[in-house]
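Subject: Structure for you to look at

Hello,

Here is the structure I promised to pass on. Please open it and keep it beside this email while you read.

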Amino acid sequence: MTNDVLIIGGGVGGTIVANLVAKEAGDRARVTLVDSTGMHVYQPGFLYVAVGQEKPENLSREESRLLRSEVKLVVDQATLVRTDDHKVVLKSGKTLRYDELVLATGSRIVPEEVPGAAGAHNFYSMEGATRLHRALEQFTGGTIVIGVAGIPYKCPPAPVEFVFLLDDYLRARRLREKSQIKLLSPLNRAFTIEATSKLVQPILAERGIELTGFFNVETVDPINKTVTSLEGETVGYDLLVLVPPHRGAKLIEDSKLGDARGWIPVDKNTLKHTEHPDIWALGDATNIPISKSGSVAHYEASVAADEIVAALKGEAPPAHVYDGKVMCFLETGQGQATTIRFDYDHPPVSPNPSHLWHWAKALFNKTYWHTVPQGRLP
Ligand SMILES: Cc1cc2nc3c(=O)[nH]c(=O)nc-3n(C[C@H](O)[C@H](O)[C@H](O)COP(=O)(O)OP(=O)(O)OC[C@H]3O[C@@H](n4cnc5c(N)ncnc54)[C@H](O)[C@@H]3O)c2cc1C
């Protein structure tokens, strides 16, 4: 018997699952991947686009070039999952049936949820990063404020990396002495991970980057150029960069497969939907309280693929489950970086920043296209 394995989302997680299932299941599966754009985007590169170190055209490739030949790619938007008859409805009006369904639809940014923030900059989309770069090129000095308008958001260390890269950028343009960089964090530290925050906070201070804790961005006044927190504090800016609020995909909300913000409830080890045994979800799309990062999607994808292949072969579920593994790089500026590693049983550890980790990240960024989508684990 040949099953229909349907994957929605051709980002990090969906692409790896599609390739691994197609490789391992052979004739037991017809693998179809649906993606709304047909383009695979390497989002960590947005940070470098914002500070002029990367070109947008280097960050996207046609999804069809990253998939094994056995995988059928459908470029269309999934609009509804019908769990009663195992079908997914597409924007074009077509429907696709599934025996096993993988939801790898990532997250979406919703800046419109913050009153007054329509004109604020961000580095959470290609358009946002490109527009921010243009604004930085025109910047001649003043106060740049970086705030966070909601947790969870993709890549928890990204705002910290951005302020370090921004510090380098302003120094290179001889604008640093005429500028202030203010990082507003919703927590009592630089970002969610305490051990790494402790490591980077003295470096922020050394570089003259001001850190304000317990500042949950609530509203922006674009006329008077101020940002106000839920806690009642107001800060003025000349250029505002916000991490916008995030939600799960609209498909998940419309199909009632997620919580109030569209995050999909899954078993944190098997990645199976808590209510539908033939649906798996992974990556940013899930409600697992762990970093929304490409590395998580990468590690989870091999688990979901093994689960599906075992089900197709009628074998017992694999012993190999997702153990909460996360591995991220964090740029600390001046050509250095550190890493963050942890899992469900081991707390985060980060080595002292060094040039070595910066080069490791640069190498990963370049080799991504030839390793990650194919499911090769680093
Ligand atoms: C600035 C920035 C820096 C980052 N830095 C890092 C880093 O250093 N390290 C790291 O590990 N991670 C980093 N990340 C996070 C990483 O990019 C994401 O966590 C990762 O891409 C999530 O993978 P995913 O497969 O879950 O979702 P995505 O890669 O976002 O893919 C989701 C896919 O689903 C498709 N889709 C959505 N809805 C539908 C629908 N209804 N129908 C069809 N297709 C649909 C989308 O088109 C997209 O292709 C960073 C992110 C940003 C923005």
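Below is what was found, from the whole chain down to single residues.

One thing to keep in mind: this is a predicted model.

**The whole chain**

Start with the secondary structure. The protein chain has 8 helices and 22 strands. Its radius of gyration is 21 Å, close to the 21 Å that the globule rule gives for 378 residues, so the chain is as compact as a globular protein of that length. Along the principal axes, the C-alpha atoms fill a box of roughly 70 × 40 × 35 Å.

How much of the chain is buried? Of the 378 residues, 55% are buried. The chain exposes about 16500 Å². Carbon and sulfur atoms supply 52% of that area.

Now look at contacts along the sequence. Take those with a separation of 6 or more. Residues 24 or more positions apart account for 63% of them.

Charges come next. There are 40 positive and 45 negative side chains. The centres of these two sets lie 4 Å apart.

**Two domains**

The domain assignment gives domain 1 as 3-106 + 249-324. Domain 2 is 111-245. Note that domain 1 is written as two segments. The centres of the two domains, taken over C-alpha atoms, are separated by 31 Å. How many residues of each domain are in contact with the other? The count is 17 residues of domain 1 and 22 residues of domain 2.

**Three buried residues in helices**

Find Lys361 in helix H8, which covers residues 355-371. Is Lys361 buried or exposed? Its relative accessible area is 6%. Buried means under 20%, so Lys361 is buried. Which residues does Lys361 touch, beyond those up to four places away in sequence? They are Tyr48, Glu161, Phe329 and Glu331.

Next is Val200. It lies in helix H5, residues 194-206. With a relative accessible area of 0%, Val200 is buried. Leaving out residues up to four places away in sequence, Val200 touches Val160, Phe164, Ala190, Leu330 and Thr332. Then compare its place with that of Lys91. These two are 109 residues apart along the chain. Their C-alpha atoms are separated by 45 Å.

The third is Ala305, in helix H7 (residues 294-312). Ala305 counts as buried, at 1% relative accessibility. Apart from neighbours within four places in sequence, Ala305 is in contact with Val17, Leu20 and Val21. Gly248 is 57 residues from Ala305 along the chain. The C-alpha atoms of Ala305 and Gly248 are separated by 22 Å.

**A loop and the strand after it**

Go to Lys225 now. It is found in the loop between strand E14 (217-221) and E15. Phi of Lys225 is near 55°, a positive value in a residue other than glycine. Lys225 has a relative accessible area of 37%. Buried is under 20% and exposed is over 50%, so Lys225 is partly exposed.

Thr226 lies in strand E15, which spans residues 226-229. Thr226 has a relative accessible area of 19% and is buried. Setting aside neighbours within four places in sequence, what is Thr226 in contact with? The list is Thr219, Val220, Asp221, Thr234, Val235, Gly236 and Tyr237.

**Backbone details on either side of H4**

Look at the loop between strand E11 (142-148) and helix H4 (158-172). Pro152 is found there. A cis peptide bond joins Ile151 and Pro152. Its omega is about 5°.

Then move to the loop between H4 and strand E12 (179-184), where Arg174 lies. Arg174 is not a glycine, yet it has a positive phi of about 55°. Is Arg174 buried or exposed? Its relative accessibility is 76%. Exposed means over 50%, so Arg174 counts as exposed.

**Where to begin**

Try the peptide bond between Ile151 and Pro152, which is cis. Then go on to Lys361 in helix H8.

Best wishes

How values were computed. Residues are numbered from 1 along each chain as its sequence is written. This is a predicted model: local features need pLDDT of at least 70, side-chain atom pairs count only at pLDDT 80 or more; totals for chains, interfaces and linings use all residues. Side-chain values use heavy atoms; hydrogens and water are left out. Helices (H or I, at least four residues) and strands (E, at least two) are DSSP runs, numbered from the N terminus. The radius of gyration is taken over C-alpha atoms; the globule rule is 2.2 Å times the number of residues to the power 0.38. Buried means under 20% relative accessible area, exposed over 50%, partly exposed in between (1.4 Å probe, protein chains only). Contact means heavy atoms within 4.5 Å. Accessible areas come from the Shrake-Rupley method with a 1.4 Å probe; for residues, only the protein chains shown count as cover. Lys and Arg count as positive and Asp and Glu as negative; His and the chain ends are not counted. The place of a charge is taken as NZ of Lys, CZ of Arg, CG of Asp or CD of Glu. Domain bounds come from an automatic or database domain assignment.
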